[in-house]
Amino acid sequence: MDQYTLFFLLAILATMVMLALCVYIFPTRHRRMTKSFLVMLASIALWTASIAVGLLAMSPESGYMWAVLRMLGVFAVPLIWLDFSLQFADHTSGMRPMTLVWLGIIPLASLILMASNASHHLFLKEIVWVQHGAFLVDETWVLGPWFWVHLVYSYGLILAGDFVLIRAALRLPAAYRRQIITLVAGALFPLVVNFSFTFHLLPDIKVNYDPFGFVLAGAAFSSALFAYRLLDIRPIAKQLLLDGLTDVWVVIDEKLRIVDINPAAEKLFCTHPDKIIGKPISDFLNGLSFEAGKSTRLEYELTAEKV
């Protein structure tokens with residue numbers, strides 16, 4: 001199998017993985033953090049699908065059209081990643097709408113310049129197209145001055161999102177640190193691969209091999225979703241836990257699982273948050289019923305027997 005067929009198949013695989021993850025998390029789209037993650041996955045799917053279809057283009061003109069669609073995903077992903085990272089890392093609502101608008105100016109300008117490149121060549125000076133069997137390959141991009149603005153800005157947004165998550169990992173319980181490790185890995189795999197492709201670190205590979213990075217990213221995101229319950233057990237704003245109070249605070253999600261506890265609760269349970277987060281609250285409140293509590297005063301005794 002030649003490299004063109006290999007990366008064509010990898011692009012299809014990456015697209016299918018991202019779309020499958022979209023379908024999986026779509027039922028929980030009412031949460032803003034889930035919406036950001038969903039849009040990011042869809043943008044990656046657009047990116048990789050455009051690579052695959054572009055390889056089958058019949059002419060440089062149609063190939064360039066698919067390149068513009070690919071870059072739509074390229075421009076969108078870094079900004080969405082930063083917004084998602086801020087939400088996940090305890091900045092409850094992520095970026096304000098106007099902040100998103102301001103940060104979106106350069107990606108939008110990049111898309112406009114890419115689409116209208118033939119009239120000014122600010123984004124690309126030239127693309128060298130080469131036919132390899134059934135595949136039309138944009139082997140060489142001669143980069144224009146604005147491409148470097150886009151590159152530095154996009155890499156900066158991705159690394160900023162990684163930094164936000166890594167900082168959060170230092171203060172969140174282990175259940176969240178495992179989620180963050182897989183998320184950061186999922187962001188870094190495509191970044192490293194894209195850096196390698198942009199700067200021709202593997203000159204023998206002529207075709208865009210970004211899909212390889214996204215196959216790895218898909219594996220990392222799948223691990224975060226299925227093994228570590230990303231978007232299912234998630235951190236919330238620490239100030240809501242009122243750390244300084246002596247009252248016991250146990251925070252649960254809509255599935256009645258513990259997502260955080262305050263220091264007073266740690267003392268009561270005689271345990272570290274790492275050992276309790278993700279467990280059903282019913283393990284500690286026998287016979288718990290929120291429905292019954294709507295009409296009747298109920299009292300429960302907290303126990304630490306199952307910690």
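I began with two rings in one helix, and I found that W81 is buried and that F84 is buried as well. I kept in mind throughout that this model is predicted. Where do W81 and F84 sit relative to each other in helix α3? They are three residues apart there, which means that about one helical turn separates them.

Next I looked up the aromatic pairs, and a search of the whole structure gave 14 of them. One that I examined is F75 with F123, whose ring centres lie 5.9 Å apart and whose planes stand at 90 degrees; because planes over 60 degrees apart count as edge-to-face, I noted this pair as edge-to-face. The pair joins distant parts of the chain, since F75 belongs to helix α3 (residues 60-88) while F123 lies in the loop between α5 (105-115) and β1 (124-132), 48 residues away. I checked their exposure too, and both F75 and F123 are buried. Then I returned to W81 and F84, which also form an aromatic pair, with 6.0 Å from centre to centre and 35 degrees between the planes, and this pair is tilted.

I then asked which residues the ring pairs link into a cluster with F75 and F123. The other members are F147, W148, Y155, F195 and F199.

Last, I turned to helix α8, which runs over residues 210-227. Its 18 residues reach 25 Å from the first C-alpha to the last, close to the 26 Å expected at 1.5 Å a residue. I listed its buried residues, among them F214, A217, F221 and L225. Just after α8, I noted that R229 takes a positive phi of about 55 degrees.

How values were computed. Residues are numbered from 1 along each chain as its sequence is written. This is a predicted model: local features need pLDDT of at least 70, side-chain atom pairs count only at pLDDT 80 or more; totals for chains, interfaces and linings use all residues. Side-chain values use heavy atoms; hydrogens and water are left out. Helices (H or I, at least four residues) and strands (E, at least two) are DSSP runs, numbered from the N terminus. The expected span of a helix is 1.5 Å times one less than its number of residues. Buried means under 20% relative accessible area, exposed over 50%, partly exposed in between (1.4 Å probe, protein chains only). Rings of Phe, Tyr and Trp (its six-membered ring) pair if their centres lie within 6.5 Å; planes under 30 degrees apart count as stacked, over 60 as edge-to-face and the rest as tilted.
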